[in-house]
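Biologist: Could you put the model up, so that we can go through charges, packing and backbone together?
Modeller: Of course, here it is.

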There are 2 protein chains.
Amino acid sequence: MQYAGGVDVGGTHTKIGLVARDGRILAQARLEPDPRGAFEELAATIAEGLRRLHREAGGRLSAIGIGNPGYTDRHTGLTVGGAFNVPCLHGNSLATWMGARFALPARADNDGTCAAAAELAWGAGRGRLNFLLITIGTGIGGGLVLDGRVMRGARGFAGEAGHFCVQPGGLECVCGARGCLEQYASAGAILRRYQDLRRRRGLTVDPGQPPAGVLAAAAGGEALALQAAGEAARAIAQLFGSAANLLNLDACIVGGGLSHSGDLLLRLVREAMPDYTLPLLAENLQILPAELRNDAGLLGAAALAWEVLAS
Amino acid sequence: MQYAGGVDVGGTHTKIGLVARDGRILAQARLEPDPRGAFEELAATIAEGLRRLHREAGGRLSAIGIGNPGYTDRHTGLTVGGAFNVPCLHGNSLATWMGARFALPARADNDGTCAAAAELAWGAGRGRLNFLLITIGTGIGGGLVLDGRVMRGARGFAGEAGHFCVQPGGLECVCGARGCLEQYASAGAILRRYQDLRRRRGLTVDPGQPPAGVLAAAAGGEALALQAAGEAARAIAQLFGSAANLLNLDACIVGGGLSHSGDLLLRLVREAMPDYTLPLLAENLQILPAELRNDAGLLGAAALAWEVLAS
C-alpha cells in the first residue's frame with residue numbers, strides 16, 4: 001500500500017504518521033526531540049521515527065510532508081523566521097534534509113497552510129474551491145485555498161490571518177503593529193478580555209481558567225463571557241467579511257484548539273458577518289468549523305505530501 | 001495581423017478598440033449609447049462600432065473582451081448587480097451576445113479585474129506574480145493577481161477592495177455597512193474630508209474643487225489637505241498591509257483617476273505600510289502606481305480577451 005509520511009513539528013512534541021491517499025492514518029507516533037537542541041538531532045529523531053513506522057507498516061512511503069511553525073520559503077525550503085518554539089529550524093530546511101535522507105519528494109510548509117490543505121483534501125473544505133481557514137489557539141494562523149489550489153504567495157508566507165488589522169491604532173501586538181486579530185480573538189486574548197471585564201467589576205478571577213471555559217460560560221449565558229466571546233467573534237467576522245469581499249470565497253473555516261468548544265463562537269461570527277460583507281458576496285458564503293481535530297496537524301503535513309505527489 | 005477587441009463599458013460613454021498582443025492599440029472609438037436604454041440597443045451600438053473598426057483595420061479579430069461595472073458571474077456571464085450607471089446590463093450577458101454576433105470567444109468581467117489583467121500583461125504588473133490593484137475614482141475598485149493568474153473567486157466577484165472594512169463601526173457606506181475603504185479613500189471621500197476640515201475651522205470651501213486639487217494642495221504643504229490625504233493613505237495602507245499579510249504579495253498597485261495626481265498619495269501610503277504589515281511580508285513588497293492611464297479601461301477589456309485566447 002502507498003502512503004505519505006506526515007511530520008507535524010511543534011514546540012512541545014512532534015507527531016509523525018503514515019497517511020493514505022484517503023486520509024486514513026495507518027500508523028502514528030509522538031516524538032519529543034529537544035526543540036531548543038541542534039537541528040541535526042531534531043531531524044535525525046524524526047527520520048528514525050519515520051523509518052520505524054515505515055518498517056512496521058510495510059507498504060510504500062512515497063513522499064514526506066512537514067508542517068512547521070513560522071515562515072518557510074517556498075523556493076529555498078528554508079525556514080526563515082517565526083518558529084519561536086522550535087528555533088533550531090531557522091536557517092535550515094527539514095524538507096531538504098528528509099528528502100535527501102529518504103531519497104523521496106519532501107516539502108515543508110507553515111502549519112496553517114498545511115491545515116488548509118488537509119481540510120481541502122479530507123475535511124470541511126472538500127469540494128470547495130475558495131476558502132480561508134484560520135486556526136485559533138495560543139496565536140492565530142491561517143491558510144488559503146483559491147480556485148481549488150492551496151495558495152502560498154510570493155515566498156510562501158501567505159495565510160498570516162493573525163496579524164490582519166481589525167482595529168487601526170488598537171491593542172499592541174507582539175509583531176510590533178497595533179490592532180492585529182490575534183490580540184482580539186486568540187484563545188489568550190479572549191481569556192484576557194474576560195478577566196479584565198471581571199476585574200473592573202471587582203469580581204474574582206480564576207488564574208487557572210482555560211480559554212475554553214470562557215466560551216462555556218458564554219454558552220451558559222454569563223454576560224461578561226458573552227461579551228468577550230462576542231467581541232472576538234466580531235473581529236473574526238471582520239477578517240472573514242473583508243477576505244470574502246476581496247476574494248469571493250465559498251467558505252470561511254475555523255479550526256484550532258478553541259474551535260472544539262461548541263458552536264457558540266461560530267454562531268456569533270455568523271451573526272456579525274453582514275456588518276462586514278457585501279450582500280452579494282455573503283450570499284453563498286458559509287462559516288464552518290474545521291472537521292479535522294486532534295490529528296489536524298499530522299493530516300496537514302500529510303496533505304502537503306499528497307499535494308506534491310499530485311503536482 | 002491578429003488582434004483582440006476591447007469594450008470598456010461606462011456610464012457616460014463606451015470605449016472600443018482593437019488591441020494587439022503586445023498592448024498596442026491599433027484603432028479605437030468612443031461610443032455614446034444610452035446607458036439607461038435597452039440592452040439590445042447598447043449591444044448593437046457596440047457591435048456596429050467594433051465591426052466598423054475591424055473593417056477599417058483589416059486583419060483578424062480573434063476574441064472580444066468586455067470590461068463593465070458591477071458583478072458579472074464567471075459561470076453564466078450574466079451581470080447580476082452593481083452596474084448602477086449602466087442598469088441595462090443587469091440580467092444580461094454582453095459576452096454571450098457579442099460571442100454569438102461575432103462567432104468568437106468573448107468574455108466580460110468587472111472593470112477592476114480587467115485593470116489588473118491589463119497591468120499584468122502590459123503595465124506595472126509585468127513580471128510580477130502576486131499583486132493587488134486598486135482603482136481610485138468616484139468609487140474604489142480592485143483586481144487581484146496571484147501566482148501569475150488573474151483571480152476571480154467563487155462567482156467572479158473577487159477584488160471588491162472598496163468595501164474592505166478599515167474602521168469597524170466607522171462611516172456609513174452606500175453598501176449598508178460601516179467603515180468601508182471607499183468612505184475614506186475614494187476621490188469623493190478625500191474631497192469631503194478636506195472640505196469638512198476647512199468648514200470646522202470657518203474657512204471657505206470651493207464647491208467646484210476637483211479631488212485632485214486636494215492632493216495638489218497637500219503636495220504644496222497645505223496642512224488640512226495633507227491631513228485629508230494622509231488619512232486616506234493610512235486607510236489604503238491598512239488594506240494593502242492586510243492583503244499582503246494574507247496573500248504574501250509582491251506589489252500593491254494604485255490606479256484610477258486619482259493616481260495620476262503626482263506621487264504624494266503613494267509616498268504617504270508607503271510611509272504608513274509598516275503599521276499594518278508584518279516585517280517579513282513587507283520586505284519585498286512594492287507600492288507602485290499603475291502604468292496604464294487614459295486607455296486603462298480599454299486595455300483592461302482587451303487583456304481579458306487575450307487571457308481567453310491564451311487559456
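**Charges, packing and backbone**

Modeller: Helix α1 of chain A, residues 39-57, contributes the most to the positive patch, giving three residues. Please keep in mind that this is a predicted model.

Biologist: Okay, which residues form that positive surface patch?
Modeller: The patch is formed by R51(A), R52(A), R55(A) and R101(A).

Biologist: And where does R101(A) lie?
Modeller: R101(A) is in helix α2 of chain A, which covers residues 94-102, and R101(A) is partly exposed, with a relative accessible area of 45%.

Biologist: Switching to salt bridges, how many are there over all chains?
Modeller: Searching the whole structure gives 32 salt bridges over all chains.

Biologist: What does R152(A) pair with?
Modeller: R152(A) forms a salt bridge with D109(A), and their closest N and O atoms are 2.5 Å apart. The pair links distant parts of the chain, since R152(A) sits in the loop between β10 (149-151) and α4 (182-185) of chain A while D109(A) sits in strand β7 (residues 106-110) of chain A, 43 residues apart.

Biologist: Is R152(A) buried or exposed?
Modeller: R152(A) counts as buried, because its relative accessibility is 7% and the cut-off for buried is under 20%. Its partner D109(A) is buried as well, with a relative accessible area of 3%.

Biologist: What about E283(B), which residue does that one bridge to?
Modeller: E283(B) forms a salt bridge with R155(A), with 3.3 Å between the closest N and O atoms. E283(B) lies in the loop between α9 (279-282) and β12 (286-289) of chain B, whereas R155(A) lies in the loop between β10 and α4 of chain A, so this pair joins two chains.

Biologist: Then R234(B), what is its partner?
Modeller: R234(B) forms a salt bridge with D275(B), where the closest N and O atoms are 2.9 Å apart. This pair also links distant parts of the chain, with R234(B) in helix α7 (residues 223-247) of chain B and D275(B) in the loop between α8 (264-272) and α9 of chain B, 41 residues apart.

Biologist: How accessible are those two?
Modeller: R234(B) is partly exposed, at a relative accessible area of 36%, and D275(B) is partly exposed with a relative accessible area of 36%.

Biologist: Which residues do salt bridges with shared partners join into one network?
Modeller: That network consists of D73(A), R155(A) and E283(B), joined by salt bridges that share partners.

Biologist: On to packing, then: which residues of helix α8 in chain A are buried?
Modeller: In that helix, residues 264-272, the buried ones are L264(A), L265(A), L266(A), L268(A), V269(A) and A272(A).

Biologist: And what covers them?
Modeller: The cover over the buried residues of α8(A) includes β8 (131-136), α6 (211-219), α7 (223-247), β11 (251-255) and β12 (286-289) of chain A.

Biologist: I'd also like to place Q209(B); where does it lie, and what does it touch?
Modeller: Q209(B) lies in the loop between α5 (187-200) and α6 (211-219) of chain B, and counts as buried at 17% relative accessibility. Leaving out residues up to four places away in sequence, Q209(B) touches L191(B), Y194(B), Q195(B) and V214(B).

Biologist: Last topic, the backbone: what is phi of D147(A)?
Modeller: Phi of D147(A) is near 50°, a positive value in a residue other than glycine, and D147(A) is placed in the loop between β9 (140-146) and β10 of chain A.

Biologist: And D147(B)?
Modeller: For D147(B), phi is near 50°, again positive in a residue other than glycine, and the place of D147(B) is the loop between β9 (140-146) and β10 (149-151) of chain B.

Terms used: Residues are numbered from 1 along each chain as its sequence is written. Chains are lettered from A and ligands numbered from 1 in the order in which they are written. This is a predicted model: local features need pLDDT of at least 70, side-chain atom pairs count only at pLDDT 80 or more; totals for chains, interfaces and linings use all residues. Side-chain values use heavy atoms; hydrogens and water are left out. A salt bridge is a side-chain nitrogen of Lys or Arg within 4 Å of a carboxyl oxygen of Asp or Glu. Helices (H or I, at least four residues) and strands (E, at least two) are DSSP runs, numbered from the N terminus. Buried means under 20% relative accessible area, exposed over 50%, partly exposed in between (1.4 Å probe, protein chains only). Patches are made of residues with over 30% relative accessible area and no salt bridge: like charges are joined within 9 Å, nonpolar side chains (Val, Leu, Ile, Met, Phe, Trp, Tyr) within 5 Å. Accessible areas come from the Shrake-Rupley method with a 1.4 Å probe; for residues, only the protein chains shown count as cover. Lys and Arg count as positive and Asp and Glu as negative; His and the chain ends are not counted. The place of a charge is taken as NZ of Lys, CZ of Arg, CG of Asp or CD of Glu. Contact means heavy atoms within 4.5 Å.
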